[in-house]
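Here is a friendly walk through one protein and its bound ligand. Have a look at the picture below, then read on.

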Amino acid sequence: MLPSRIAIFPGSFDPLTVGHVDVIRRATTLFDRVIVAVLVNPDKQAIFTAEERVAMIAESCGGLGKPGQVAADAFEGLLVRFAARHNACAIIRGLRSGVDFDYERPMASMNTHLASDIQTVCLMASDRYAHISSRLVREVASLGGSVTGLVPPSVEALLLARLKGETKTHP
Ligand code: PNS
């Protein structure tokens, strides 16, 4: 039997967007298992804790692909160490634009330098999601704008609950 092909999809996911979900779904057509890895970064202030982000990914993406094909976990430190621990052969990243490419290129090279057997596989963002980022979702939500359709419904509810009281209403 062929060994299973495991891919890691790392990121901050603060919060998970429908663009992330689309990349995860498409990755399940390429790899036997997709592990969504939430970076624990104590230096960066996040809306959701890493545990909350892992839970929102498990809820929104656990049903993608075949049963058990998608998992979510948190990681600290070097991504390639996490990938090696899980016997992953690939790191998945989504690309929306040239700006993303410029951000990804050095990270991919560094990860290849650290672990030459792990390939970085970039998936082009689907056209309908190319304008969506966690940063813009946070900004729109915190300014009282609608994020319906930008994040999964359960994430929208969590985001609105988290921002309740802080939301400024704009016309
Ligand atoms: O969603 P993001 O914030 O763009 O994801 C960035 C992430 C998590 C992929 C990146 O910061 C990362 O891999 N951090 C782990 C630290 C690491 O391995 N650094 C060295 C190689 S670039």
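The notes below cover the ligand site and then one helix.

## About the model

This is a predicted model, in which local features need pLDDT of at least 70, side-chain atom pairs count only at pLDDT 80 or more, and totals for chains, interfaces and linings use all residues. Residues are numbered from 1 along each chain as its sequence is written, and side-chain values use heavy atoms, with hydrogens and water left out.

## Around the ligand

The shell around the ligand holds 13 residues, with S12, L79, R93, Y103 and N111 coming nearest (a residue is near if one of its heavy atoms lies within 4 Å). By type, the shell divides into 8 nonpolar, 4 polar and 1 charged (Ala, Val, Leu, Ile, Met, Phe, Trp, Tyr, Cys and Pro count as nonpolar, Asp, Glu, Lys and Arg as charged, the others, Gly among them, as polar). Helix 4 (98-114) and strand 1 (6-11) each supply at least two of these residues, and helix 4 gives the most, with 4 (helices are DSSP runs of H or I, at least four residues, and strands of E, at least two, numbered from the N terminus).

## Oxygen partners

Oxygen atoms of the ligand pair with three residues: a polar backbone atom of L79 at 2.8 Å, an N or O atom in the side chain of Y103 at 2.9 Å, and a polar side-chain atom of R93 at 3.0 Å.

## Helix 1

In helix 1 (residues 18-27), 8 of the 10 residues are buried (under 20% relative accessible area, 1.4 Å probe, protein chains only). Among them are H20, D22 and A27. At the N-terminal end, T17 acts as a cap, with a side-chain oxygen 3.2 Å from the backbone nitrogen of G19.

Conventions
A polar contact is a pair of N or O atoms within 3.5 Å; within protein, one must be able to donate a hydrogen and the other to accept it, and residues adjacent in sequence count only if both atoms are side-chain atoms. Buried means under 20% relative accessible area, exposed over 50%, partly exposed in between (1.4 Å probe, protein chains only).
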